[in-house]
Amino acid sequence: QGEITTEDIDRILEDGHLCASAADRYRLRQLHASCGTEHASRASITLLDREAGTELHQTAPGSGPVDAVLRAIDEAVGKGGDVRLVDYRLQSSGHNAGTLENEVLVRVQDEITAKIFYGRAVDADMVMASARAYLCSINRIWTARARKHHQGSRRSKR
């Protein structure tokens with residue numbers, strides 16, 4: 001359960017899109033994360049909720065900048081209680097002119113349906129890649145819930 005397998009990665013790639021789809025409910029507008037030896041880690045985010053047409057602003061502490069960002073996303077979208085991060089993987093590799101490229105893969109469980117959703121993002125900044133991968137999985141959960149709700153309402157009209 002703690003390992004991302006080759007089959008998991010294949011499922012991510014077969015998903016039709018990796019992330020940042022035009023259908024996504026939430027979009028990351030702004031992110032600021034800080035950490036250091038003199039103060040606790042904190043993150044501030046701004047998300048665009050495309051369904052509601054509003055911006056969501058949230059600040060959260062964490063045990064590091066990535067943890068703070070994930071907590072801020074949970075609090076902003078109100079999902080802290082019904083999604084659970086199952087696995088987080090960061091892989092960094094050298095890229096053009098010595099800069100790092102960070103790839104983040106996450107597995108998140110929808111506690112309502114018990115289904116697992118995947119997110120993937122690549123960015124030179126590992127905190128940004130983490131936020132985008134996590135938000136990708138949150139958007140996939142919302143899409144699946146909306147699809148199921150839509151199918152259920154169509155059935156009840158028959």
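This is a short chat about reading a sheet, a hairpin and a core in a predicted model.

Me: Where do I start with the sheet, and in what order do its strands come?

Reply: Follow the strands across. Here three of them form an open sheet in the order β1-β2-β3, with antiparallel pairing. β1 (26-34) and β3 are the edge strands, and each has a single partner strand, so one side of each has no neighbour in the sheet. From one strand to the next, the twist averages 15°.

Me: And what packs on the sheet?

Reply: That's helix α2 (residues 65-77), which touches β1, β2 and β3. Its direction makes about 140° with that of β3.

Me: How many bridges join β2 to β3?

Reply: Nine, linking β2 (residues 41-49) with β3 (residues 54-62). Try finding a few pairs: isoleucine 45 sits opposite glutamine 58, and aspartate 49 has threonine 54 as its bridge partner. Between the two strands of this hairpin there are four residues, and glycine 53 takes a positive phi near 70°.

Me: What about side chains along a strand?

Reply: In a regular strand they alternate between the two faces of the sheet.

Me: Okay, now the core. Which residues touch the most other members?

Reply: General idea first: in soluble globular proteins, nonpolar side chains tend to be buried together. In this model the largest nonpolar core has 28 residues, and Leu47, Ile73 and Tyr134 touch the most other members. β2, β3, α2, β5 (99-110), β6 (116-123) and α3 (126-157) each supply at least two residues of this core.

Me: What is leucine 47 in contact with, beyond its neighbours within four places in sequence?

Reply: Its contacts include Arg27, Leu28, Leu56, Ala76, Val77 and Leu135.

Notes: Residues are numbered from 1 along each chain as its sequence is written. This is a predicted model: local features need pLDDT of at least 70, side-chain atom pairs count only at pLDDT 80 or more; totals for chains, interfaces and linings use all residues. Side-chain values use heavy atoms; hydrogens and water are left out. Two strands pair if DSSP finds at least two bridges between them. Axes are lines fitted to C-alpha atoms, for helices over the stretch in contact, and angles run from 0 to 180 degrees between N-to-C directions. Contact means heavy atoms within 4.5 Å. A nonpolar core is a set of buried Ala, Val, Leu, Ile, Met, Phe, Trp, Tyr and Cys residues joined through side-chain atoms within 4.5 Å. Buried means under 20% relative accessible area, exposed over 50%, partly exposed in between (1.4 Å probe, protein chains only).
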